[in-house]
Amino acid sequence: MTKPNVLISGASVAGPALAYFLHRGGYDVTVVERAPALRDSGYAVDFRGTALDALDAMGIRDELRDHETRMRGTTIVDETGNEIVQLPAEAFGGELEVPKRDLTRILHRITADDVEYLFDDSITALTEDAAGVTVEFERHAAREFDLVFGADGVHSNVRNLAFGTNDDVLRHLGMSGAGFSTPNYLGLDGRGLLQPGKAAVYLFSTSPADRLTVSLSFATDSPALDRRTRAEQEQALRAAFAGHGWEAPRLLTAMSEADDFYFASSCQVHLDHWHRGRVALLGDAGYCAAPTSGMGTSQALVGAWTLARELSAAGGRHEIAYTAYEQRLRPYVAENQAAGRHAAASFGGEAPPSAP
Ligand SMILES: Cc1cc2nc3c(=O)[nH]c(=O)nc-3n(C[C@H](O)[C@H](O)[C@H](O)COP(=O)(O)OP(=O)(O)OC[C@H]3O[C@@H](n4cnc5c(N)ncnc54)[C@H](O)[C@@H]3O)c2cc1C
């Protein structure tokens, strides 16, 4: 009997995690990723609650512990760098925090032998009929799949193609920001420094100890910057931090020299349904809770695990599985999204009044 075959768009967190569980559940899995290779940028991601069980289910919790950032807490400083208060590690780091690139590499490694990865490509069209979905790509020839999953992030291509949506499903929380690394010229050793406000600086160093991880975030009312060039994003950051003292001028210079620059807006995705026909969304593509929630990676893992388990429980009948997946996960997502809005408001962004 031929195995059902599935296509997943996105090879960051949700995509490879779903690939792992579906391969184990007897599916032939292909992952398409727009980037030419695994993406190495990003700073730290953390895991809380059920996400740790998902790591156990993949057998990678202990390996991730070896990469733990081991932050010892964060010192809040004022605009001149003077200490205001010290916060414990749990305030930001979750129960387990690792560099983003280590998580991506491990998820890729545990799937690479069993899953087909198509890098440097993107879906251009999805046409569904009773037998399956015909998928057209930018580079590869068109192929048929039984099911298609969008794990391609907050600006999901699959969501736009299958649901006909665009950025109207995004709720911007009033903040955008960049992350990158630079030499650890401050000699930080496991404690973070946070200067909060409408233009906020967060600095920490873990491993390697000679690198300083920098996050610069600022209040803005548009998520459109995500789609702009790096030069335009840098320009927006320079404008937001103009006139700021302390480390800001030096960090802005370091930003331009960084080869691991990553930019993201604090957006949430709100959809009435996470599936349409044979297509389903997971992770940030379906229900991003915004970086301020600290739950994006946990949601991606828990979403992948839940979706795979529901497909297995429904014997592959996707309509039943997708509905159950959504019912099971909605309360968890609603809670995380509420936390994301709350945190954005307290960091200096603004929660939109219409948010549920
Ligand atoms: C490079 C990068 C660095 C990050 N760094 C951090 C961080 O430091 N801290 C933090 O808290 N969160 C970070 N995040 C976000 C975090 O990974 C997510 O919020 C969370 O883990 C949910 O993951 P996801 O897999 O659903 O989405 P994402 O992690 O956003 O991944 C989406 C993937 O889809 C790919 N993609 C996009 N469009 C297409 C397309 N048309 N076709 C195929 N593939 C496509 C993207 O290249 C990406 O690999 C980062 C994300 C990325 C992509």
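1. A residue is counted as buried if 20 or more other C-beta atoms lie within 10 Å of its own. By that criterion, 5 of the 6 residues of strand 2 (residues 28-33) are buried, so this strand is largely enclosed by the rest of the structure. The model under discussion is a predicted one. Strand 2 pairs with strand 1 (residues 5-9) in the parallel sense, over 5 bridges. Within strand 2, D28 is the residue that stands opposite N5.

2. The overall division of the chain should be noted next. The domain assignment gives domain 1 (5-40 + 102-169 + 269-347) and domain 2 (65-99 + 170-267). Between the C-alpha centres of domain 1 and domain 2 there is a distance of 27 Å. Contacts between the two involve 18 residues of domain 1 and 17 residues of domain 2.

3. On the side of domain 1 that touches domain 2, the elements giving two or more residues are helix 5 (100-112) and helix 11 (318-347). Helix 11 provides the largest share of that side, namely 4 residues. By character, the residues of the side of domain 1 that touches domain 2 comprise 9 nonpolar, 5 polar and 4 charged.

4. The largest nonpolar core has 97 residues. The residues with the most contacts inside this core are A17, L18, V148, L282, L301 and A304. Helix 10 (residues 296-313) contributes the largest share of the core, 8 residues. Both domain 1 and domain 2 give residues to this core, so it lies between them. As for L301, its contacts, not counting residues up to four places away in sequence, are V13, A17, A51, A54 and L55.

5. An open sheet of 7 strands follows the order 5-4-13-14-15-12-16, and its pairing is mixed. At the edges stand strand 5 (83-87) and strand 16 (262-269); each has a single partner strand, so one side of each is left without a neighbour in the sheet. From one strand to the next, the twist averages 20°. The parallel sense is found between strand 4 (residues 73-77) and strand 13 (residues 191-195), which are joined by 4 bridges. There, I76 stands opposite L194 of strand 13.

6. Strand 15 (residues 211-219) merits separate comment. Of its 9 residues, 7 are buried, so strand 15 is largely enclosed by the rest of the structure. Strand 12 (residues 170-183) runs antiparallel to strand 15 and is joined to it by 9 bridges; R211 in strand 15 is the bridge partner of P183. Strand 14 (residues 199-204) also pairs with strand 15 in the antiparallel sense, over 6 bridges. In that pairing, F204 has T213 of strand 15 as its bridge partner.

7. Helix 7 (residues 230-240) packs on this sheet, where it touches strand 12, strand 14, strand 15 and strand 16. The direction of helix 7 makes about 75° with that of strand 15.

8. Two loop residues may be considered alongside helix 7. R228 is located in the loop between strand 15 and helix 7. A residue is partly exposed when its count of other C-beta atoms within 10 Å falls between the limits of 12 or fewer for exposed and 20 or more for buried; R228, with 13 such atoms, is therefore partly exposed. R228 and F263 are 35 residues apart along the chain, and their C-alpha atoms are separated by 9.9 Å.

9. F241 occupies the loop between helix 7 and helix 8 (248-257). Is F241 buried or partly exposed? With 19 other C-beta atoms within 10 Å, F241 is partly exposed, as buried status requires 20 or more. Leaving aside neighbours within four places in sequence, F241 is in contact with A199, L216, A248 and L252. The C-alpha atoms of F241 and L216 are separated by 8.9 Å, the two residues being 25 places apart along the chain.

10. A further open sheet consists of 3 strands in the order 8-9-10, with antiparallel pairing. Its edges are strand 8 (123-129) and strand 10 (143-145); each has a single partner strand, so one side of each is left without a neighbour in the sheet. The twist in this sheet averages 25° from one strand to the next. Strand 9 (residues 132-137) and strand 10 run antiparallel and are joined by 3 bridges, and T134 stands opposite E144 in strand 10.

Methods. Residues numbered from 1 in each chain as written. Predicted model: local features only at pLDDT ≥ 70, side-chain atom pairs only at ≥ 80, totals over all residues. Domains from an automatic or database assignment. Contact = placed C-beta atoms within 7 Å. Nonpolar A, V, L, I, M, F, W, Y, C, P; charged D, E, K, R; others polar. Pairing = 2+ DSSP bridges. Axes fitted to C-alpha atoms, helices over the stretch in contact; angles between N-to-C directions. Core = buried A, V, L, I, M, F, W, Y, C linked by C-beta atoms within 7 Å.
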